Structure formats: C-alpha cells, structure tokens
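Trainee: Please pick one part of this model and take me through it closely. I would like to know what surrounds it, what it packs against and how it is held in place in the chain.

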Amino acid sequence: MSYRKTLKLICGVAGGSAVLVLAAAEYRGYLGEPPGEAAGRRAIFGVLRAAQPAWTPASHTPAPTGHAWDFNWDKRDPHTLTNGKKTNAPATEDPSSEQDNSKPKATRNILLIRHSQYNLSGTVDKERILTPLGREQADFTGKRLAALGLKYDVMIHSSMARATETANIISKHLAGPGVELVSCDLLREGAPIEPVPPVTHWKPDAVQYHEDGARIEAAFRRYIHRADPKQKEDSYEIIVCHANVIRYFVCRALQFPPEGWLRMGLNNGSITWLTIRPSGRVALRTLGDAGFMPPDKLTRT
C-alpha cells in the first residue's frame, strides 16, 4: 500500500489521534519504506504531533459563560408575588394555598411572523404595501399556520402597513369563527439596541435607539411572559411584526445578550415559535421557519 493511501486510511479511521499512530508506524518502517527512508518525514510528524492539543475531559467540555437562568425574568414568579405580602386568609387555612392559586398552569405558544416582502420604494408607510410576491408569501404562511391544526386565540399585528396587510391575508386561512385581529403601535419596526458587533451598512442615530429601544422593550414586556394564573388551557397566539422586533424578542426571551439580535436573519413570512412554560422556562421551537415556501419565493427584504 502506498504511503499516501495509508495516510488517508489511518486518518479516516483514527481522526486527530492518527498522527501518533502514523508516527509510530513510520518509525518502524511499517508503511512499506525502510526505516532510513522514513527519517526525513519524522520531522514533519513531530510538528503535527505538537499541533494536536492534549486531550483532557476539561479541555473538551465548554465552561458556562453566562449567568444562571432567572426564573423571575417576567416578574411573574408566584414565589415572589406572594412572599412578604399580607393576606386576609383565616389562620387555619393552608398558607401554601394562596401561592398554589397564583401559580400559572397553562403554556403560552407565541408564533412570531415576519411580514411579507413589501414595496421598498415607498416614501411613507402607507405606500410600503406588499408586492405581488409578498402577497403570495403571506398566503403560504397562512396555509402553513392552518395546516398546523392549532386553535389560535388572537392575532396581534404591528400597525405598519406591511404587517397589517400580511395579517389580513393570513387571517383568511384560519378556521373557526375568526381569530380576533388586534393592531399595536408598540410592535412597529425600529432599532431595539445597538448591535454587537457593529455593522457599517446600517447606523441609526443614538436617539433612535433610545426611543425605539424603550418602545420595543415595552412590547416585549406586554406580550412575552408566562400565562396568567386564571388561564386554564394552553394558548396559541400569533404576532405579525418585523425582523428587528422578532430577533430582539428571541434574545430577551432566551436570556441571551440582546445586543446580539442582528446576528440572526429572518425570511419574509417566516415563523418563529416561542414556548413559555408555567415555570418560566422558555423554549425556541423554530427560528425563521420558511421551509413551507418554494425556494424561488424566499426573500429577506
């Protein structure tokens, strides 16, 4: 067997540790070469061996870099809501009953939809309506949401024209007596927080971050939280808004650094699915899912 074929074979089987095995084989002339002819290669293997980090369990186990999960991130943890408060309950009543009654029991599923492609040449919001392709995208998204077979409780949408039109098209596909549509100014597009690392193609003024950031954070606190204790069944809520808002929501809900929001990309009409458990745990089921659209219909404008 030739030297090169043997090298590929051993590396393919043994991975990074093949360097040590192969070096030993070279030294003893096991690759079909006399030991003397292999001497010139041993210097190369010495360099390769030095490049291999020493394996220890510690070196292959990433260390935690962030803080522990804050279960009271939405300020609705029942332990903090009842501790230290006076109650009018009789002394004979179980003191834990009030806390049990204040515990959320349902799971909230929040489906964040990015608006479809829109007219970028519009100078004012009312002119930035969906393009023909954008209307197709909204139609695909509506069909996808309907195919999931879920009972949607409400659809909240940004008051901007492109989000409102997207929501109206989606609503035509949802079964039942009709899902209530609610418009909200807090969900309008904006600059939530200065991104890290910075980008050169988009640089809002500091005042825009200051104003938009407070508004988008207010939207997060209004819509992204665990269920109310009075809610008995799991809910499915749709929010149609914008890429910056959705990406910021995801970072905040997962307790990731919010300044990392611009590291993610979302297609038009895509679905991002957050699940909020009664305990305050949050899971990201999908991020920017647009696999239900044909490839030639995908855009990110």
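**A close look at helix 9**

Mentor: Among contacts in the chain between residues at least 6 apart in sequence, 73% join residues at least 24 apart; a contact here means heavy atoms within 4.5 Å. This is a predicted model, with residues numbered from 1 along each chain as its sequence is written. Local features need pLDDT of at least 70 and side-chain atom pairs count only at pLDDT 80 or more, while totals for chains, interfaces and linings use all residues, and side-chain values rest on heavy atoms, with hydrogens and water left out.

The chain contains 9 helices and 6 strands. These are DSSP runs numbered from the N terminus, with helices (H or I) of at least four residues and strands (E) of at least two. Of the 301 residues, 42% count as buried. Buried means under 20% relative accessible area, exposed means over 50%, and partly exposed lies in between, using a 1.4 Å probe and protein chains only.

Let's settle on helix 9, residues 243–253, where 10 of the 11 residues are buried. The buried ones are Ala-243, Asn-244, Val-245, Ile-246, Arg-247, Tyr-248, Phe-249, Val-250, Cys-251 and Ala-253. What covers them? The cover includes helix 8 (206–223) along with strand 1 (108–114), strand 4 (235–241), strand 5 (271–276) and strand 6 (282–289).

Helix 8 deserves your attention next. Two packed helices are described by the angle between their axes and the distance between the axes. For helix 8 and helix 9, the axes come within 10 Å and cross at roughly 60°. The axes are lines fitted to C-alpha atoms, for helices over the stretch in contact, and the angles run from 0 to 180 degrees between N-to-C directions. That crossing makes helix 8 oblique to helix 9, since angles under 35 degrees count as roughly parallel, over 145 as roughly antiparallel, 65 to 115 as roughly perpendicular and the rest as oblique. The crossing is right-handed, meaning that the near helix is turned clockwise from the far one by less than a right angle; anticlockwise would be left-handed.

Helix 8 brings Ile-216, Glu-217, Ala-219 and Phe-220 to this contact, and helix 9 brings Val-245, Tyr-248, Phe-249, Arg-252 and Ala-253. Sorted by type, the residues of the contact come to 7 nonpolar, no polar and 2 charged. In this sorting, Ala, Val, Leu, Ile, Met, Phe, Trp, Tyr, Cys and Pro are nonpolar, Asp, Glu, Lys and Arg are charged, and the others, Gly among them, are polar.

Follow Glu-217 and Arg-252 a little further. They form a salt bridge, with the closest N and O atoms 2.7 Å apart; the rule asks for a side-chain nitrogen of Lys or Arg within 4 Å of a carboxyl oxygen of Asp or Glu. Glu-217 sits in helix 8 and Arg-252 in helix 9, so this pair ties together parts that are 35 residues apart in sequence. Glu-217 is buried, at a relative accessible area of 12%, whereas Arg-252 is partly exposed at 23%.

Glu-217 has another partner, Arg-221, and the closest N and O atoms of that salt bridge are also 2.7 Å apart. Because Arg-221 and Glu-217 are 4 residues apart in helix 8, about one helical turn separates them. Arg-221 is exposed, with a relative accessible area of 59%. Together, Glu-217, Arg-221 and Arg-252 are linked in a network of salt bridges.

The chain has 8 salt bridges by this rule. Another one of them joins two of the strands that help cover helix 9: Arg-108 pairs with Glu-237, the closest N and O atoms being 2.6 Å apart. Arg-108 belongs to strand 1 and Glu-237 to strand 4, which puts the partners 129 residues apart. Both Arg-108 and Glu-237 are buried.

Finally, look just past the end of the helix. Gln-255 follows helix 9 and has a positive phi, near 60°, although it is not a glycine. Gln-255 lies in the loop between helix 9 and strand 5, and it is partly exposed, with a relative accessible area of 29%. Lys-75 is another non-glycine residue with a positive phi of about 60°; that one lies in the loop between helix 3 (39–51) and helix 4 (78–82) and is exposed at 58%.
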